[in-house]
Amino acid sequence: MNNETNNNEVVNNTTPEPTPDVNTEQVQTQESQTVDIPSEPVKNVAPTTGKTEILDLSAITSNVADANSINIVETSTIKGASGSSVIGSIDNGVAQANSNPLPQNIDLSKPQVEDKKTKTKKVKVMSTKDKVISVLVTIFVILVLGAAGYSAYYFGYATNPSLYEVKTITLELGDTLPSTVSYYIDSPLPLDDMEYSVDTSQVAYDLVGTYKYSVKHKNVTKTGQVIVKDTKAPELTFKDTTKLVFLVGDKITKDNLVEECTDISKCEYKLEAEIDTSVAGEKTVNVIATDEKENQKTYTTVVKVYDIQRVVSCESTPVPSENNAYTTSSLIELNFDGNDQLVLSRKYKKSTYTDYAAYFEVLDNYRNDETYKFDNVTFSYKVIDESQEIINVTAFNDVIKYYSDNAYTCK
């Protein structure tokens, strides 16, 4: 349906034919609505078979008698032209009305309002000078922002004297603290030892406990903790068991085996179990060392138990000293088992004194030295000689013959 105004006419593609009068009647719509069709003749009605175009004749108004008249035109298009609206369709002679509203009248005497929704945006074309200025302004803003950011970093971060954290340090009893600053603090910045001052004067290295220390950087001082703990077990040193002789039936004590037990605190040690010497052979021995803080460690050594059935001593010819106060000789102790096989031999350096005063002087000086074996009956002592002789025979007769042939007296 087209709303014809004072300057609109309908132009048909074909010559219009007279249209019969249409009586007013109601037509059923698809949505159960009715449309009143006027009974008066309809102006400019096109034939029902041809296409109809609506031409805008805005410049022609004289031949339009009624500005509010409505033309109903048949067309093959499904959309209404500008200023028109589709109100229905005819299917097999039956009119089907739509519920579309009628178009509004256009008053040509008033200026038309431009549709802002379809208004074309205006684009400003910048001159070369404007572009250069815009680029320079952008660069200037970037430089200002960069300078502000660097200033914030430098003064608020890079040179911030409080930008470090002290550590809680655990120290083993008896150990000392280093002087390196990085041992005491964490900092995201490079550390210069000359800029920091560390005070650990309140820390007692040899006493378990918690102590305070401080780190000063410029005008900022922070305090940390040093926790001194005793977590290490004592250290145990064994005697050279290859030089120890234990016979079947001997009682072996912890002091027979241990040379030294060391710890920052009091050290104690004990045999894990009693050593069985009822049978000859090698014995594995465990010794447990414990300190005052119950730190404990087990140490292991091996001893050998001998089944000695015969002992023979072979001594070389004594050689007098320069002052004739004593003589020296080599003494070989040979130990044989029940099968007369050599199982142990020990070589000693023997000194026999004729000057008794000189003997007792030596006795007083070395009385507590276990390497000296004194005999107050013969006024002699013997000391282990590390230069042990290696012989290739083990049978009793072969061993005695070997030493006799080398100027030893065996008995």
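Let's start with the open sheet whose four strands run in the order E16-E20-E19-E18, with mixed pairing. Its edge strands are E16 (246–247) and E18, and each pairs on one side only. A word on terms: two strands pair if DSSP finds at least two bridges between them. Helices (H or I, at least four residues) and strands (E, at least two) are DSSP runs, numbered from the N terminus.

Before I go on, please keep in mind that this is a predicted model, where local features need pLDDT of at least 70, side-chain atom pairs count only at pLDDT 80 or more, and totals for chains, interfaces and linings use all residues. Residues are numbered from 1 along each chain as its sequence is written, and side-chain values use heavy atoms, with hydrogens and water left out.

Back to the sheet. E16 and E20 pair in the parallel sense over 2 bridges, and leucine 247 stands opposite tyrosine 306 in E20. E20 (residues 296–306) is also joined to E19 by 10 bridges, and those two run antiparallel. In that pair, valine 285 stands opposite threonine 301 of E20. The hairpin of E19 and E20 has 4 residues between the strands, and glutamate 294 there takes a positive phi near 65°. On to E18 (residues 267–271): 5 bridges join E18 to E19 (residues 281–291), again antiparallel. Leucine 271 has valine 287 of E19 as its bridge partner.

Now for another sheet. What is the order of its strands? This open sheet of 4 strands goes E10-E14-E13-E12, with mixed pairing. Strand E10 (168–172) and strand E12 (196–199) are the edges, each pairing on one side only. E13 (residues 209–217) and E14 (residues 220–229) pair in the antiparallel sense over 9 bridges. If you want a spot to click on, valine 215 has lysine 222 in E14 as its bridge partner.

Valine 215 also takes us to the cores. A nonpolar core is a set of buried Ala, Val, Leu, Ile, Met, Phe, Trp, Tyr and Cys residues joined through side-chain atoms within 4.5 Å. Buried means under 20% relative accessible area, exposed over 50%, and partly exposed in between (1.4 Å probe, protein chains only). The largest nonpolar core has 16 residues, and those with the most contacts inside it are Leu177, Tyr184, Ile185, Val215, Val226 and Val228. E10, E13 and E14 each supply at least two residues of this core. Apart from it lies another core, of 15 residues, among them Phe246, Cys261, Val285 and Val303.

What does tyrosine 184 touch? Leaving aside neighbours within four places in sequence, tyrosine 184 is in contact (heavy atoms within 4.5 Å) with residues including Ile169, Leu177, Val198, Tyr213 and Val215.

Let's move to the helices, with H4 (residues 396–405) to begin. Phe396, Val399, Ile400 and Tyr403 are its buried residues. Why do they sit on the same side of H4? Because they cover an arc of only 95° around the axis, the arc being that of the directions from the helix axis to the C-beta atoms. As a reminder, an α-helix has 3.6 residues a turn, so residues three or four places apart point the same way. The face turned away from the buried side of H4 carries the exposed residues Asn397, Lys401 and Asp405. And the buried residues of H4 pack against strands E21 (310–316), E23 (326–336), E24 (342–353) and E27 (408–410). After H4 comes alanine 407, whose phi is positive, near 70°.

One of those strands, E23, holds asparagine 335. Is asparagine 335 buried or exposed? It counts as buried, because its relative accessibility is 7%. Not counting residues up to four places away in sequence, asparagine 335 touches Ile308, Arg310, Val311, Gln341, Leu342, Val343 and Leu344.

My last residue is tyrosine 359, in helix H3 (residues 356–366). Tyrosine 359 has 0% relative accessibility, so it counts as buried. Its C-alpha atom and that of serine 380 are separated by 7.5 Å, with the two residues 21 apart along the chain. Beyond neighbours within four places, tyrosine 359 is in contact with Tyr353, Phe374, Asp375, Asn376, Phe379 and Ser380.

Finally, the whole chain: there are 4 helices and 27 strands, and 28% of the 411 residues count as buried. Among contacts between residues at least 6 apart in sequence, 54% join residues at least 24 apart.
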